[in-house]
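User: I would like a close look at one part of this protein. Please show me how two helices pack together.

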Amino acid sequence: MDYNSPVLRDNWGSDSSRGHYKMTLPAEIQKIIKELGNAGYEGYAVGGCVRDLVLSEVEGLPIKPKDWDIATNAKPEEIQKVFPDSFYANKFGTVTVKTDSADNILREIQITPYRIEAKYTDKRHPEEVKFVSKLDDDLSRRDFTINALATADGKLIVDLFGGQTDLKEKIIRTVGKPGDRFGEDALRLLRAVRFAAALDFSIEEKTLNAIGENAELLRAISKERIRDEFLKIVESDKAYEGMLMLHETGLLKFIVPELEDGIGVGQNLHHIYTVWEHNLLALKYAADKKYSTEVRLASLFHDIGKPQTKRGEGKYSTFYGHDVVGARITARILERLRFSKEQAEIIIKFVRYHLFYYNVGEVTESSVRRLLANVGPENIENLIKVREADRIGSGRPKAVPYKLRHLKYIIDKVSHDPISAKMLKVNGEDVMKELGIPPGPKVGLILNSLLSEILEDPAKNTDEYLRNGIRKLDKKSPEELKRALEKIEQAVDAEEKERMKKYYV
Ligand code: ATP
Ligand code: MG
């Protein structure tokens, strides 16, 4: 590719089957570009939003721009003059304009002056940004050809580096010499893999080779930036392929080297895959199922403690304690990558408790209560998903649906308050006060009678109704009151049958 070739303002111009695009920019974007124009400035939608617009409107992929960026030859102060309701709080000169759009992502639009990044000394951030007057210069500093497109109207695309062809052919290719571009900003190494995974593209050969050659530069990148890109890979549909790419390019060593300790570590007779393959396949299943970030990461890390705990070889090797050790390793990884404490805690718990029992004979109400207390009732469903990913990722899933239904049935059972007089808005004290009687069996009989009524009609569980009821029940004989107990037993039975029906147990 000749980067000095004349500007290709419309790559499809000679291709009559495509002709000009008929993409529509959102009204809010059109308006901003028009207002910039009225004030004598250029304005272009640029970068990721144009890429995503072409992918959705021309290539027909189910993709939507996540944010809209506009580039202009106006300087920050000039932008602010055109848009009085804007704010400027960013060292790159970005001015944010507020709109009253109904669409969340269009409510704040970023307008950035054309700029180039002056010097890169630390492989991390540009030393300083320099505003420039030409769009072409701004496009040249962008990372990949598919991210270096601009359009002012959705019809004509400014494409200096063949980005449209690469979009069509699903290729990630750097703008300019890959080695130089990765040398300037090593985060681009990871961004290449991220876009390949998120868009299901392949990485062009020279770009791919340069990633391998420059992988070590990732050391200079802040953990937060690495985490964000790593997360986008894990959250993509192609998370599995993304992880393989990270490994093959040598990047994974600088992100989660612990995973690579599982390479070549064989398992026992229950497994056909190595620890590395199995962790990755568990992630694949979680991604295929579009499970949450926490479930995906826990699936990826669930057996990360196995290489350290392996005893013996072959069919009968063991991995005692790999859940505990794995949780510890996971905690270290997540701390290193600066995950939030809350998110880390959940993922660590999933790794720690992924071995929970669900054999019908072994599941007792108290063991389930312990599990709920350990992982938190709100996380139990996701823990079960991690186990599901583990099972399917083993390549030899054993049939468990009945065991799982049984476990869920016990979880439901122990998660619900038992039917008892505690459900009432009044208690024994209230009965004694209302009737002026001392403690004794009569208090309990009256509470049970009230409970039997409430079970039939929960709306009656009010202070007023129950106090009235206490006085009425005072007049009944103990025999009459005892009959309420039968009704309560029937209600407990009915609830149990309902639950058994729900879980088919
Ligand atoms: P996303 O869909 O995740 O928002 P994006 O391509 O819009 O993807 P952003 O991080 O929002 O990515 O960046 C917007 C644009 O800025 C990119 O499309 C690219 O043109 C440019 N860009 C971002 N990061 C870099 C970088 N590290 N080096 C060069 N150009 C970059
Ligand atoms: Mg973006």
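Analyst: Here is one helix pair, taken step by step. The model is predicted, so local features need pLDDT of at least 70, side-chain atom pairs count only at pLDDT 80 or more, and totals for chains, interfaces and linings use all residues. Residues are numbered from 1 along each chain as its sequence is written, chains are lettered from A and ligands numbered from 1 in the order in which they are written, and side-chain values use heavy atoms, without hydrogens and water.

Two packed helices are described by the angle between their axes and the distance between the axes. The pair here is H13, residues 293-301, and H16, residues 341-352. Helices are DSSP runs of H or I, at least four residues, numbered from the N terminus. Their axes lie 9 Å apart, at an angle of about 45°. That angle makes H13 oblique to H16. (Under 35 degrees is roughly parallel, over 145 roughly antiparallel, 65 to 115 roughly perpendicular, and the rest oblique.) Axes are lines fitted to C-alpha atoms over the stretch in contact, and angles run from 0 to 180 degrees between N-to-C directions.

The crossing of H13 and H16 is right-handed. In such a crossing the near helix is turned clockwise from the far one by less than a right angle.

Now the residues. H13 brings Thr-293, Glu-294, Leu-297, Ala-298 and Phe-301. They meet Gln-343, Ile-346, Ile-347, Phe-350 and Val-351 of H16. Contact means heavy atoms within 4.5 Å. Seven of these contact residues are nonpolar, two polar and one charged. (Ala, Val, Leu, Ile, Met, Phe, Trp, Tyr, Cys and Pro count as nonpolar, Asp, Glu, Lys and Arg as charged, and the others, Gly among them, as polar.)

Note on methods. Helix = DSSP H or I, 4+ residues; strand = E, 2+ residues; numbered from the N terminus.
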